[in-house]
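Subject: Structure for you to look at

Hi,

Here's the structure I said I'd pass along. Have a look at it first, and my notes on what turned up are underneath.

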Amino acid sequence: MKLYLHCMQCFMETHGLDRNKVEVEYNEEGYYYFECPNGHKNFVVLQELKFETLFQIGAHAIYDGYYREAVSSFTSSLERFYEFCVQVFCRNHNVQIEKFRECTKFYNTSSERQFGSFLFLYLIEFGETPFSKKVDDKWRTYRNNVIHNGQIPTKAEAIEYGDYIRKLILSTMIKLKEKYSKEIQEIIFENLKFRTDNNTYGCRVTTMCN
């Protein structure tokens with residue numbers, strides 16, 4: 001999946017008329033250094049959190065006709081979202097980020113542990129489960145068949161699966177923002193700061209939302 005970056009110095013010097021863009025590949029870090037054709041150095045930081053980027057990759061995979069890859073990316077997006085929710089809940093209870101990261105080492109390689117952590121913390125915080133077991137079992141079975149058993153999904157199935165995850169993420173985010181807007185903003189700011197701190201090129205930092 002491609003990401004298109006613009007040189008902000010060229011943009012400002014031409015009052016927005018310069019639309020030259022540089023094509024890069026999405027990376028794990030979420031920040032990008034490049035030099036434009038005019039020699040300007042740029043350091044661009046993505047504002048999106050990991051689960052948002054993974055969902056975008058899944059959507060683009062559907063557009064490009066790679067439905068199995070879409071299911072895999074949507075699944076990864078949901079798992080990273082569970083991790084984000086757990087971080088929000090822990091932040092609300094004043095858990096230090098270092099302690100949180102130390103604890104996540106126990107379940108980084110286990111999606112079931114991530115899911116269990118999210119499920120019970122959600123129950124503690126909201127007094128209910130986030131979805132029905134029947135619906136979760138349906139899509140969990142489908143996901144496992146695609147990712148582990150080699151089932152080839154159709155376009156319609158990939159779209160339906162992605163839409164299920166989209167609705168789950170959005171509905172949960174609405175509840176989180178109503179109760180934990182401060183904690184969410186702190187996590188987003190720390191994420192941006194972590195990426196920005198990797199600017200060792202001495203140039204201006206630009207943030208963007210894709």
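Let's start with one residue, T206, which sits in strand β5. One thing to keep in mind throughout: this is a predicted model.

Is T206 buried or exposed? Its relative accessibility is 15%, and because the cut-off for buried is under 20%, T206 counts as buried. As for what surrounds it, leaving aside residues up to four places away in sequence, T206 touches M8, F43, V44 and V45.

V45 is worth a click too, as it stands opposite T207 in β5. If you zoom out a little, you'll see how the strands go together: β4, which covers residues 41–46, pairs with β5 in the parallel sense, over four bridges.

Those two belong to an open sheet of three strands, in the order β3-β4-β5, with mixed pairing. The edges are β3 (31–35) and β5 (205–208), each of which pairs on one side only. On average, neighbouring strands in this sheet are turned by 30° against each other, direction ignored.

What packs on the sheet? That's helix α7, residues 155–196, which touches β3, β4 and β5. The direction of α7 makes about 155° with that of β4.

Now for the protein as a whole. In secondary structure, you get seven helices and five strands. Going along the sequence, the pattern reads β-α-β-β-β-α-α-α-α-α-α-β. Taken along the principal axes, the C-alpha atoms fill a box of roughly 55 × 45 × 30 Å.

A few overall numbers, in case you want them to hand:

- Of the 210 residues in the protein, 40% are buried.
- If you take contacts between residues at least 6 apart in sequence, 64% of them join residues at least 24 apart.
- The accessible surface is about 12500 Å², and carbon and sulfur atoms account for 54% of that.
- On the charge side, there are 27 positive and 28 negative charges, and their mean positions are 2 Å apart.

If you'd like a quick way in, colour β5 and go to T206, then bring up M8, F43, V44 and V45, the residues T206 touches. After that, add α7 to see how the helix packs on the sheet.

Shout if anything is unclear.

Cheers

Terms used:
Residues are numbered from 1 along each chain as its sequence is written. This is a predicted model: local features need pLDDT of at least 70, side-chain atom pairs count only at pLDDT 80 or more; totals for chains, interfaces and linings use all residues. Side-chain values use heavy atoms; hydrogens and water are left out. Buried means under 20% relative accessible area, exposed over 50%, partly exposed in between (1.4 Å probe, protein chains only). Contact means heavy atoms within 4.5 Å. Accessible areas come from the Shrake-Rupley method with a 1.4 Å probe; for residues, only the protein chains shown count as cover. Lys and Arg count as positive and Asp and Glu as negative; His and the chain ends are not counted. The place of a charge is taken as NZ of Lys, CZ of Arg, CG of Asp or CD of Glu. Two strands pair if DSSP finds at least two bridges between them. Axes are lines fitted to C-alpha atoms, for helices over the stretch in contact, and angles run from 0 to 180 degrees between N-to-C directions.
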